[in-house]
Amino acid sequence: MTISREELFELLTAGFPDAEIKIDDLAGDNNHYAAVIKSSKFRGKNKVQQHQMVYSALKGKMGNELHALALTTEEKK
Amino acid sequence: MTEIQKKIKEMINKNKVILFMKGTPEMPQCGFSMTVCNILKQLKINFFSVNVLADELVRQGIKEFSNWPTIPQLYVNGNFIGGCDIVKEMYENGDLEKTLKQ
């Protein structure tokens, strides 16, 4: 089970409309990605909460269709 | 709370530093689990590890318990610290050492 870069980008954009999003396909296999997400929605949240927000934007795909996503979240000022 | 949730809570409460991982610290079965093990070893921290690959109930249970979809997961003093990315970030900025020494 894999997920395309475009699909990943769409899900993240839907969850964080204001965000600057950068996605790298680490292994070129549609299954190991790294994403950097800068959004004002992260304001006041700790890292665990920020990553939980990203996982919830991915609607249960994390850990299933999507095996690995190295995440960096930052607050957009 | 289900049996497995109770069991997980008990394990977390009993161990100051506990890592839910794939494989063992001697033989991690996933790069992310290995990264967290190496960081803890680097900091010379004794930790209790749980191999989720050996118990499917724990593997699913810990994801629900933490509301976190991936493994590894690190707990210190009963608090969920995060997965590999957060642990790495906290290691690099020094926060992890502070948290572990509390």
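Trainee: In what order do the elements of chain B run from the N terminus on?

Mentor: Heads-up: this is a predicted model, where local features need pLDDT of at least 70, side-chain atom pairs count only at pLDDT 80 or more, and totals for chains, interfaces and linings use all residues. Residues are numbered from 1 along each chain as its sequence is written, with chains lettered from A and ligands numbered from 1 in the order in which they are written. Helices (H or I, at least four residues) and strands (E, at least two) are DSSP runs, numbered from the N terminus. For chain B that gives α-β-α-β-α-β-β-α-α.

Trainee: What is the radius of gyration of chain B?

Mentor: We take it over C-alpha atoms, and the globule rule is 2.2 Å times the number of residues to the power 0.38. For 102 residues the rule gives 13 Å, and chain B is close to that, so it is as compact as a globular protein of that length. Its radius of gyration is 13 Å.

Trainee: What percentage of chain B counts as buried?

Mentor: Buried needs 20 or more other C-beta atoms within 10 Å of a residue's own, exposed means 12 or fewer, and partly exposed is in between, with C-beta atoms placed from the backbone. Of the 102 residues, the buried share is 38%.

Trainee: Leaving aside neighbours within four places in sequence, which residues is V36(B) in contact with?

Mentor: Contact means C-beta atoms, placed from the backbone, within 7 Å. Without those sequence neighbours, V36(B) is in contact with L19(B), M21(B), P72(B), L74(B), C84(B) and V87(B).

Note on methods. Contact = placed C-beta atoms within 7 Å.
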